[in-house]
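This report describes the architecture of a two-chain model, proceeding from individual elements to the contact between the chains. Please consult the sequence and the structure while reading.

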Amino acid sequence: MSAYLNTRVSLYSGRLWQPADFDAVLKTPDEEMAAALSSRGLDQLAAGYSFDSQDNRSLEQRLIAEVLEETKVLIRPLTGAARGFLIYWTGRIEITNVKTLLRGKMTGERPATLINRLTPMGSFGSLDIQDLAHAEDVSELLRRLEAGPYAGIVRHARRAFEDSHDPFILDAALDRGYYEGLAHRAQPLENEAGDSFRRLMGALIDRINLVWLLRYRFNYNLPPAQVYFLLVASRYSLPSSRLRELAALGSPEAILDALPEPLRASLRGAPDIPGIFSRMEIAAAEVAAKVLHSGAPAIARAFAYLILRERDLRAVRAILRGRHLKLPVADIRLAMYRSSEEGNA
Amino acid sequence: MFRAEPLVRIRLHMLASEAPDAALELARFGIFSPAQYASEALTESPAEAYREAWLEAESRVSKLLERCGNMGEMVIPEGAAAPTLADLEELNKWLKGVWNTCLSAHEGEARIQEEVRHLDALEETLGKLERLNVDLAHLLREDGLLAVNIGSLPAQNVRRVGEALTMTGSLVSTFDQVGDQAYAVIAGPRDRQEEVRGVLSQAGWRELPVPQELRTHPQAARAWLAEERKRVEELNVAGCAAMDTLRGQYRSGLDEARLRVTLGRPLAEAAVAGVRGRGGLAGLSGWIPRRRVEELKAALEARFHGRYWLDVKIPTREEAGQVPSLVSYPGWLKPFVPLVKSYGVPRYGEFDPTLPFAFTYLLLFGAMFGDIGHGAIILVLAAALFRKLGRMAWIGVAAGAVSMLFGLLYGSIFGYEDVIEPVWLSPLHNPIHVLTVAVGFGVGFIVLTLLVNTRNKYTAGHVEEALFDSTGLAGLLFYLGAVGGVVSMAGGADLATPSWMLAGIGITIVALYKWIETRAGLGERILVTAIESLETGINLFANTLSFMRVAAFSLNHVALALAVFTLANGLDTAGHWITITLGNVVIIVLEGGIVAIQALRLMYYEGFSRFFSGDGTEFVPLKLAGVK
């Protein structure tokens, strides 16, 4: 089975975009855009492409459909923890749907409008969207969610929300709960698939923790103890003990100075939190590319491919949105790097 | 019974305001299957808002009925009209109000239950605190420096909270765990209490109110707890009474709401396929049986008095792929329908194989598992499980009866071959004969499938395929010729020359057809033609031999019984009969199961795959209830 998966990942890796592909698409005239996307392996995106009616929602949905379709093929030969991990990896899209539902209920949106805004999960969907969308308010929605597959994540979020009625608390609890679950599912694979898988997870969790830490601490001005509690329990370059020390520091500069090498060197001079995220994301993509083109176990290569593919698609989204808004090419290029942030943080 | 009923496509246009009633009328008609309505003139989708409002109302009614318990059977009055969009909007407002009232009562119930659980936990905690030997009055007293919290939090968060709170100079000490909740004391500097609160609010912390009595006199706390329980019980009784009042108050309204939602369902369901409209006009499309067109016209006339326009169109051959299949089966054949549909739904116009499937499946099962005793047990068991298995039990009853019939023909009862004389033959003593009959049956079966496929292709307009392809008439010529040739070689007939000539003509036609059909270069064309012609011969040969398993399993049945007897004969009387009984159970369960699957496999792969596309669409009629 791993031979099949390895072959499949190798074939898929040919779909990843090179810098020249992004340049070419940036210069492609609108009438040739569908053909250009199709020739670069984005059939679903090409099928619905229309310059005049580029609504963000449909663009997002088609990009995600592309990723889910490929994930479906990749999990076919997998069983056990590896299969569970990749399926759970798609769960963050569903968590986004949960957040959309919660916000929709807070603003009293109608069920049909709300359902249209959700991202279709296809065979990966585990929520009864119709049922949830027809909940009368946030409390009822949370109680219904508690009876579903995300009960563990939602239960604590509900209790916290009932005490404070602060949407930030809900979002933070959902995000933390999801990534804690991901790290938990990754543990057996790190033992089996070894260092390559661990490096991929490390790059992901360290990035999330550092960006959240900076954001909670200095944008939201939360006290250090609360910031630390909201981070994901980590066993990578920034373990929990180090995160505790960092959360107690008083400025972003002090935190960057206290980072371990080589992280400190790579982030030196980063202008702001998005800048830090971009640099860490580029470093994570480099790690993923190395794993993808190495003789690493099939599950590690498959995960690396999915990370890189999503990064490509987010950049494509930035290009299409930018062109639709008639932004200058330089701004689109900037957005291509910044857009990465929307995906993971 | 052998093919789907002829259908016509109807397009019904009416005033948009009457669309709900039109859909209701079609649902009452009972045999209208909605279909997509493509129209350049009607560009709007007027039923979408209706469906949206209906879904909201349906969701609320379902939730309310869940809490109200059994409301009894619903009676739909003869002339009841469907709700309009405005009716549904109004209904939604009312239902929302009722739901919010019920929800607050229900939440009240939930809160009372939570309080009961909390008191239970408090009582347990009280016992533990008494044993802690701690001066609680001292611990919990208001102090300028130290703040103490006692409460519970999810056990999985304890470690993380402990680590986070060390950053505030606080200590966390757990002293109990009930389920997934850990009970803990948290103590730390009062000036950092805000930070502690921030962490605890994220961690699912629940403060445990320790009554003043507990701080001074534990015995008094017991009395306080008893008082609290009494108060909660009173609240509970009041809450239940309030819920009962609400049920009584809203019962008739809910009954009316349930009726309206049911009457609105047809248009909401038809909206999924697509109801089109423009301005004050609406149109919906779908399929009905040709023989009932006049009946529908009369029903519409009676309801709308000419305020409608009905377009009826017979589907063309090109449209056949879009037409759903509506087949009526007699009651005794219905149990076999799911077995056929698990392979596929017959395409409109395609031969429906359910009847031959039922007979052939039973015949194959009986031939492979012929035993009076085993058949009788299957028959009795299936009849006994009728309530549980429903209609499917009839398959077991019929299979048991056919097994008994073949048992009579084979002279076999519970594996004993010498108790009764075989009416026909004993497989054990005539294996070659049985094998020959099985292969002969296979030849007949394959000829039948080729004929049916020829007919299917012809009626679908694929005349060339019907005449010249390997699964059409040319393939049949080849097969019959080859069978005649082989039989002549074996000395069963004297038709070798004409048979092989017939086979030669058949395979030549097939090869020429493949040659013409293949659009490729010369080399690839030669290769494809050669391989596919060869494959025709190999497939038909292998499929025919596949039927030898029918004989093999009838022999296997006897062989298994012999093995059981050999084992039993080596034991004393009690052991003998225990082995015979258990052996027969094993034969029925194990061999019976295998034979049931093998018969199905023969039907699917040697039969259906040759002529049955199974890619049709099921006819799903619009109904008043039960269709989601």
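## Helix H12 of chain A and the core around it

In this predicted model, helix H12 of chain A is followed by A:Asn221, a residue whose phi is positive, near 55°. The helix itself comprises residues 195–219. Of its 25 residues, 18 are buried, so H12(A) is largely enclosed by the rest of the structure.

H12(A) also makes the largest contribution, eleven residues, to the largest nonpolar core. That core holds 95 residues, among which A:Leu200, A:Ala302 and A:Ala304 touch the most other members. The surroundings of A:Ala304 can be listed individually: beyond its neighbours within four places in sequence, A:Ala304 is in contact with A:Leu200, A:Ala288, A:Val291 and A:Leu292. A second core, separate from this one, has 55 residues and includes B:Phe365, B:Tyr410, B:Leu502 and B:Tyr513. As a general point, nonpolar side chains tend to be buried together in soluble globular proteins.

## Helix H19 of chain B

In chain B, helix H19 spans residues 522–546. Its buried residues are B:Ser533, B:Thr536, B:Leu540, B:Asn543 and B:Thr544. The cover over these buried residues includes four helices of chain B, namely H15 (431–459), H17 (473–489), H18 (496–517) and H21 (573–611).

The end-to-end spans of H12(A) and H19(B), taken from first to last C-alpha, are set out below.

| Helix | Residues in helix | Span | Expected span at 1.5 Å a residue |
|---|---|---|---|
| H12(A) | 25 residues | 34 Å | 36 Å |
| H19(B) | 25 residues | 36 Å | 36 Å |

For H12(A) the span is close to the expected value, and the same description applies to H19(B).

## Composition of the two chains

Chain A contains 20 helices and zero strands, whereas chain B contains 21 helices and eleven strands. Of the 345 residues of chain A, 40% count as buried; for the 628 residues of chain B, the buried share is 34%.

The contacts within each chain may be sorted by sequence separation. Taking contacts between residues at least 6 apart in sequence, 60% of those in chain A join residues at least 24 apart. Under this criterion the figure for chain B is 76%.

## Strand pairing in chain B

How are the strands of the open sheet ordered? Four strands of chain B form this sheet in the order S4-S5-S3-S6, with antiparallel pairing. Its edges are strand S4 (171–178) and strand S6 (206–207), each of which pairs on one side only. Within the sheet, strand S3 (residues 146–154) and strand S5 (residues 181–189) run antiparallel and are joined by nine bridges. Along this pairing, B:Gly151 stands opposite B:Ala184 of S5(B).

Strand S1 (residues 7–15) of chain B takes part in two further pairings, with strand S8 and strand S9. Nine bridges link S1(B) to the antiparallel strand S8 (residues 281–289), and B:Leu15 has B:Leu281 as its bridge partner there. Six bridges link S1(B) to strand S9 (residues 308–313), again in the antiparallel sense. In that pairing, the bridge partner of B:Arg9 is B:Lys313.

## Contact between the chains

Which helices of chain B each supply at least two residues to the side that touches chain A? The contact involves 23 residues of chain B and 24 residues of chain A. On the chain B side, helix H2 (47–68), helix H3 (85–132), helix H5 (158–166) and helix H6 (193–202) each supply at least two residues. By class, this side has ten nonpolar, seven polar and six charged residues.

Helix H2 of chain B also contains B:Arg67. This residue has 15 C-beta neighbours inside 10 Å and therefore counts as partly exposed. Between B:Arg67 and B:Arg247 there are 8.7 Å in space, C-alpha to C-alpha, and the two residues are 180 residues apart in sequence.

## Confidence

The model scores ipTM 0.82 and pTM 0.70. For chain B the mean pLDDT is 87, and 93% of its residues reach 70 or more. In general, predicted coordinates should not be read in detail where pLDDT is low.

Notes:
Residues numbered from 1 in each chain as written. Chains lettered and ligands numbered in written order. Predicted model: local features only at pLDDT ≥ 70, side-chain atom pairs only at ≥ 80, totals over all residues. Pairing = 2+ DSSP bridges. Buried ≥ 20, exposed ≤ 12 C-beta atoms within 10 Å, placed from the backbone. Contact = placed C-beta atoms within 7 Å. Nonpolar A, V, L, I, M, F, W, Y, C, P; charged D, E, K, R; others polar. Core = buried A, V, L, I, M, F, W, Y, C linked by C-beta atoms within 7 Å. Expected span 1.5 Å × (residues − 1). pLDDT = per-residue confidence, 0-100.
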